[in-house]
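Work through the exercises below with the sequence and the structure at hand. Try each task before reading its solution.

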Amino acid sequence: MTRIFGDFIEQKDDHGEHLQIGFSPTSIPIQQRWRNNGLSADFLADYVSTFFPGDDRAAAERQAELKSAVSYVANELLENAMKFSYAPSQHAISIAMYLEADAVSFYVTNSIDPHAAASFQQAIERLLAEDIDSLYMEQLTHADGLGYVTMLHDYGVSLAWKFAPSLQDPDVLTVTTMARLSV
Amino acid sequence: MDIIHEDYQVRYDAATATVICQGSFRLRGTEEYAPILQVLTAAADTKPATLTLDLRTLQFLNSSGINTLAKFVLHVRQYNATQIVMKGSHHFPWQEKSLKNFQRLLPGLQLEIE
């Protein structure tokens, strides 16, 4: 069964300008794989920045700001995907980034433990319904859950989620997180 | 009590009561951040009149790192006598977006972004 939270926009079939990175299931400990999140996020940020040349001072500032935002958002999305990915499913993690006229959109897909889905969905409902400023102050001092809130609060990203059975293996539940950053 | 890692460094200069954070903080969760939080809280526990947190060369901070700095700010808040000065740089745009949020935990926190 598919469940959508927020204004989820399906990934475009015609693709356009985009990049996709996939991480196969592996037995390498998470400690070692963690570094890939930062490397991949910085790679995506560098890639985006070439489409926004920093010709003058204002453009250079805009380029730096966008690069920093992409790096932060992509890193948080990948960290979450790695944290919540359901190891027994042997499902890959993927991140796709699309460049559009007015936004950079990210789609990160990972498997999720079916038993953990309900509490994640409750957290999502809070993110979508509650005042982000109050939620930010509440989460700031908590150990978990600040990633999405900072994207919303500090970067004005719009977030949406789609829970659906995996296309490759219908027994595996996946979640795709969409993050849309206005440019 | 300095931390020297390939990707990041944390140094405490007792003479100027300054903790200098450099590099990229992308650690995984509370447990991995514990040694960094320890350097920060130990510096605060010396109860200097002013404690400077120099983040001007901190290129990246993930959300777990933001949580860690928030815990440090709350730790200092219990010592009414210590003033925190947080130094940032326009060179790293995330600092302008996220550092000001700490002032809401501790209104007396002085933020200097250059």
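**Exercise 1. Write down the order of helices and strands along chain B, then judge its compactness.**

Step 1. Read along the sequence, chain B runs β-β-β-α-β-α-β-α-β. Helices (H or I, at least four residues) and strands (E, at least two) are DSSP runs, numbered from the N terminus. The count for chain B is three helices and six strands.

Step 2. The radius of gyration of chain B, taken over C-alpha atoms, is 13 Å. The globule rule (2.2 Å times the number of residues to the power 0.38) gives 13 Å for 114 residues, so chain B is as compact as a globular protein of that length.

Step 3. Taken along the principal axes, the C-alpha atoms of chain B fill a box of roughly 35 × 30 × 25 Å.

A note on the model: it is predicted, local features need pLDDT of at least 70, side-chain atom pairs count only at pLDDT 80 or more, and totals for chains, interfaces and linings use all residues. Residues are numbered from 1 along each chain as its sequence is written, and chains are lettered from A and ligands numbered from 1 in the order in which they are written.

**Exercise 2. Place B:Val39 and decide its exposure.**

Step 1. B:Val39 lies in helix H1 (residues 29–45) of chain B.

Step 2. A residue is buried if 20 or more other C-beta atoms, placed from the backbone, lie within 10 Å of its own, exposed if 12 or fewer, and partly exposed in between. B:Val39 is partly exposed because it has 18 C-beta neighbours inside 10 Å.

Step 3. Two residues are in contact if their C-beta atoms, placed from the backbone, lie within 7 Å. Leaving out residues up to four places away in sequence, B:Val39 touches B:Met1, B:Ile3, B:Val10, B:Tyr12 and B:Val19. B:Val19 is 20 residues from B:Val39 in sequence, and their C-alpha atoms are 8.2 Å apart.

**Exercise 3. Describe the side of chain B that touches chain A.**

Step 1. Contacts join 20 residues of chain B to 22 residues of chain A.

Step 2. Helix H2 (63–77) and helix H3 (93–98) of chain B each supply at least two residues of this side. H2(B) gives the most, with six residues.

**Exercise 4. How many residues of helix H5 of chain A are buried?**

Step 1. Helix H5 (residues 146–155) of chain A has nine of its 10 residues buried. Among them are A:Leu146, A:Tyr148 and A:His153.

Step 2. Just after H5(A), A:Gly156 has a positive phi of about 60°.
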